[in-house]
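Student: Could you take one part of this structure and go through it closely, explaining how each piece of the geometry fits with the next? I would like one connected account rather than a list.

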Amino acid sequence: ADVTALAETIRDEGLSIAASCAARTHRGDVQAIIDISQATSVPIEILTFLGSSPIRMYAEGWDVPRLETLTATAVKMGVDAGLPVAFVTEDTIRSHPKTLERVFKTAIDHGAERLILCDTVGHASPDGLRALVTWTRELVEKLGAKTKLDWHGHNDRGLALVNALFAIEAGCDRVHGTALGIGERVGN
């Protein structure tokens, strides 16, 4: 109901903002966003979230083929509905490059327009962030894709602002943030 009300306000007020909505890589989450977008005639970017770090994989009992299946299904659903889709790897900064390469390739192959790199626990240093963005940009280029990159960091160690600036310098196309520090946990 809240997402529908926000989409209707964007539509009815003629606001020049783009809507996006987070979804786990579960059919029900993605379908709910598709349904709201269709009901309101507001295109909503679907941000499909998937835990990719060894910690999350262990906690969930997932393996990399399971991650690839979840990624392919969620991204394809949104793309088939004609909506922009971004693929978000939770805790990207602490994920294994071989895992990231496989799920990023899967997301790109199924039509993701963006990859969102996350520092879910505020662990990243500016140098680590730069290395991740550079590595991801090179992977996207190697795949011949035009996929854009976002940075989504947290401020647990007080590095969110400097990391956001480094993300822009390193080549991210969009950086997530909060207003006055209001946001998830200690702010993005």
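Tutor: What follows is a close look at helix 6, with a short look afterwards at how two other helices pack. The model is predicted, and the account should be read with that in mind. Helix 6 covers residues 126-142, and at 1.5 Å a residue its 17 residues should span 24 Å, which agrees with its end C-alpha atoms being 24 Å apart. Along helix 6, the residues Pro126, Leu129, Leu132, Val133, Thr136, Arg137, Leu139 and Val140 are buried, each having under 20% relative accessible area. Seen down the axis of helix 6, these buried residues fall within an arc of 160 degrees, so they line one face of the helix. On the face turned away from that buried side, helix 6 carries the exposed residues Asp127, Glu141 and Lys142. The cover over the buried residues of helix 6 includes two helices, helix 5 (97-109) and helix 7 (160-170), together with strand 4 (114-119) and strand 5 (148-153). Just after helix 6 comes Gly144, which takes a positive phi of about 70 degrees.

Turning to the packing of two other helices, helix 2 (residues 27-40) and helix 4 (residues 64-80) pack with their axes 10 Å apart and at an angle of about 15 degrees. Because angles under 35 degrees count as roughly parallel, helix 2 is roughly parallel to helix 4. Their contact is made by Arg27, Val30, Gln31 and Ile34 on the side of helix 2, and by Thr73, Ala74, Met77 and Gly78 on that of helix 4, while the crossing of helix 2 and helix 4 is right-handed.

Conventions: Residues are numbered from 1 along each chain as its sequence is written. This is a predicted model: local features need pLDDT of at least 70, side-chain atom pairs count only at pLDDT 80 or more; totals for chains, interfaces and linings use all residues. Side-chain values use heavy atoms; hydrogens and water are left out. Helices (H or I, at least four residues) and strands (E, at least two) are DSSP runs, numbered from the N terminus. The expected span of a helix is 1.5 Å times one less than its number of residues. Buried means under 20% relative accessible area, exposed over 50%, partly exposed in between (1.4 Å probe, protein chains only). The arc is that of the directions from the helix axis to the C-beta atoms. Contact means heavy atoms within 4.5 Å. Axes are lines fitted to C-alpha atoms, for helices over the stretch in contact, and angles run from 0 to 180 degrees between N-to-C directions. Angles under 35 degrees count as roughly parallel, over 145 as roughly antiparallel, 65 to 115 as roughly perpendicular and the rest as oblique. A crossing is left-handed if the near helix is turned anticlockwise from the far one by less than a right angle, and right-handed if clockwise.
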